[in-house]
Structures are given as structure tokens and as C-alpha cells.
Amino acid sequence: MPNGRAWLAVAAGGLVGSELRYGLGLALPDAAGAVPWTTLGINIIGSFVLAALTTVWMARPHTAFWLRAAVGPGLLGSFTTFSAVIYASDQLARADAHPVWITYLALSVVLGLAAAGAGWRTGRLVSRSRDGQP
Amino acid sequence: MIAAALVGVFGVAGALLRFGIDSWFAHHSSIRSIRTDGTVKLHWPWATLLVNVGGCFIIGVAHGLTGRLGLGSEWQVALATGLAGGLTTFSSWTTATIRLLSEARFGSAVLNVGINLAMGFAAAAAGITLAG
């Protein structure tokens with residue numbers, strides 16, 4: 001199991017990620033009955049950054065574990081949310097807002113995966129150019 | 001102000017629980033990855049599925065439970081935005097799916113998307129029914 005420093009790093013990252021998500025939700029509140037754009041944006045940004053860092057860290061396996069834990073599972077894991085997507089979709093479906101929840105869910109999956117795919121490639125390109133490989 | 005503090009405390013609890021579950025799965029799959037017949041066990045994001053389904057249940061329960069216990073709305077925010085939000089993760093789910101695609105494991109990738117969604121909705125509905 002991970003050491004104490006890694007747990008502390010996840011706690012610190014988790015605090016920042018949760019408060020960032022909460023703060024963005026207060027600053028840009030999702031309107032009732034509409035697509036929750038703020039949550040969608042958070043999940044797209046988080047997917048891109050985590051995928052990019054994943055391939056960068058694959059190329060640089062000596063990156064300190066506590067640092068990866070703070071940013072990956074800590075910050076980005078807590079910043080993005082799956083439960084809010086499912087709960088909002090469920091509530092929209094119960095309110096018979098079927099086009100809205102279907103649009104939201106489709107955008108979340110398609111744009112989330114596209115962002116992660118783009119991040120994955122970007123991370124690879126960045127680590128290749130930095131290591132001087134073609 | 002109280003809501004922000006509660007989101008922080010519960011968000012950290014959710015993140016630590018997710019990290020613990022992730023580490024447990026990583027530890028146990030690494031033990032089992034070397035088999036006597038020489039086959040290597042393929043990774044599959046079980047830990048992310050577990051935390052996402054668990055978090056969907058918690059967010060489903062949160063609304064009804066806080067109302068029933070007569071707790072203020074800040075406790076609903078603490079459970080839904082803090083605990084369930086910190087426990088579940090969208091970025092690991094999408095990144096793990098891209099990783100499966102990069103290994104040409106298309107069936108596993110489709111399954112990872114479908115099973116998280118299906119079980120997430122079922123868990124949220126179960127939580128709403130149970131607490132409602």
C-alpha cells in the first residue's frame with residue numbers, strides 16, 4: 001500500500017479539486033432543466049489533462065509517486081465527477097426532459113472520450129519531443 | 001461558508017476512499033498478474049467502476065436522507081458534491097477507456113463505458129428509492 005506522503009498528497013489534491021468544482025458550480029450555476037454545462041466543462045478539461053499526464057508519466061516513470069498521486073487521483077480525480085452526471089441525467093429523465101438528458105449524456109461520453117484521446121496524444125507528443133525522439 | 005468547509009472535508013474523504021480502493025485493486029492484481037501458466041492477467045478498471053457505482057448510490061441517497069433526518073441543505077451538498085463527487089471520477093473513466101482503445105481492446109472499452117453508465121444509473125435509482 002502507498003506510504004503516508006502519498007495519502008497526504010491525495011488529501012491535499014482532493015481538497016483543491018473538490019473546492020474548485022464546488023466553486024465553479026457557485027460561480028457558473030447549472031440552470032434547472034437544462035444541460036449542466038459547468039459539470040460538462042469540468043469533466044472535459046479533467047479528462048484531457050489526466051490523459052495527457054498519464055502518457056507523460058508513462059514516458060517518465062521516475063516522476064515522484066506522491067506528486068502523481070496529488071495531481072492524478074487527488075486533484076483531477078476529485079475535480080471531475082461521475083455521480084453528478086448520472087444524478088442530473090436521472091433527474092432530467094424523471095422530469096420528462098428526454099432530449100436534454102440524452103444530449104447531456106451523449107455530450108459527456110463523446111466529448112469526454114474525445115478530450116481524453118486528444119490528451120493521450122498530446123502527452124505522447126510532448127514527451128517524445130522533449131526526449132528528442134522523432 | 002459551512003457548506004464549503006463540509007464539501008472540503010467530505011471531498012477529501014471521498015478522494016482518500018477512492019485512492020484506497022484503487023491501491024487495493026492495483027496491489028492484488030499485481031500479485032495475480034504472474035501466473036504459473038505464463039499468461040499475464042490484463043488490467044481492467046474495476047476500482048473506478050466500484051467507486052463510480054458507490055458514489056452514484058450515495059448521491060441518490062443524499063437528497064432523501066438529509067430531508068428525512070431534518071438536516072440542512074449544506075449536508076446534502078456535503079454528501080452529493082463532497083463525498084459522492086470526491087469519490088467518483090470521470091477523468092479516470094475516460095482515460096482508462098482510451099488506454100483500452102490504445103491497446104486495441106475495443107470490446108473492453110465499450111464494456112467499460114456501458115457498464116459504468118448502466119450500473120451508475122441503477123445505483124442512483126436504488127439510492128433514490130431507498131431514501132425517498
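No salt bridges are found across the interface of chain A and chain B in this predicted model. Polar contacts are present, however. Between chain A and chain B, 14 residue pairs are in polar contact, with both residues of each pair at pLDDT 80 or more.

On the side of chain A that touches chain B, five helices each give two or more residues. These are α1 (4-27), α2 (37-59), α3 (65-79), α4 (83-94) and α5 (98-130) of chain A. The most comes from α1(A), which gives 10 residues. Sorted by class, this side of chain A has 25 nonpolar residues, 17 polar residues and four charged residues.

The extent of the interface was computed next. The size of an interface is often given as the accessible area lost when the parts come together. Here, the area buried between chain A and chain B is about 3600 Å². Carbon and sulfur atoms give 75% of that area. Three residues stand out on chain A: A:Y22, A:F82 and A:Y87 supply 20% of the area that chain A buries against chain B, more than any other three residues. In residue counts, the contact takes 46 residues from chain A and 44 residues from chain B.

Nonpolar cores were then examined. In soluble globular proteins, nonpolar side chains tend to be buried together. The largest nonpolar core in the model has 21 residues. It draws on both chains: the residues with the most contacts inside it are A:F82, A:I86 and A:Y104, along with B:C56, B:W93 and B:L117. Chain A gives two or more residues to this core from each of α4 and α5. Chain B does so from α2 (46-68), α4 (91-102) and α5 (106-131). The most comes from α5(B), with five residues. A second core, separate from this one, has 11 residues. B:A78, B:L79, B:A80 and B:I128 are among them.

A:Y104, named above for its contacts in the largest core, was followed further. Neighbours within four places in sequence were left aside. A:Y104 is then in contact with A:V35, A:P36, A:T39 and A:L40. A:Y104 is also in contact with A:A84, A:V85, A:A88 and A:S89.

One residue of chain B was also located. B:A5 lies in helix α1 (residues 2-32) of chain B. Its relative accessibility is 45%, so B:A5 counts as partly exposed. B:A5 and B:W44 are 39 residues apart in sequence. In space, B:A5 and B:W44 are 35 Å apart, C-alpha to C-alpha.

Key:
Residues are numbered from 1 along each chain as its sequence is written. Chains are lettered from A and ligands numbered from 1 in the order in which they are written. This is a predicted model: local features need pLDDT of at least 70, side-chain atom pairs count only at pLDDT 80 or more; totals for chains, interfaces and linings use all residues. Side-chain values use heavy atoms; hydrogens and water are left out. Contact means heavy atoms within 4.5 Å. Buried area is the accessible area (1.4 Å probe) that two parts lose on being put together, summed over both. A salt bridge is a side-chain nitrogen of Lys or Arg within 4 Å of a carboxyl oxygen of Asp or Glu. A polar contact is a pair of N or O atoms within 3.5 Å; within protein, one must be able to donate a hydrogen and the other to accept it, and residues adjacent in sequence count only if both atoms are side-chain atoms. Helices (H or I, at least four residues) and strands (E, at least two) are DSSP runs, numbered from the N terminus. Ala, Val, Leu, Ile, Met, Phe, Trp, Tyr, Cys and Pro count as nonpolar, Asp, Glu, Lys and Arg as charged, and the others, Gly among them, as polar. A nonpolar core is a set of buried Ala, Val, Leu, Ile, Met, Phe, Trp, Tyr and Cys residues joined through side-chain atoms within 4.5 Å. Buried means under 20% relative accessible area, exposed over 50%, partly exposed in between (1.4 Å probe, protein chains only).
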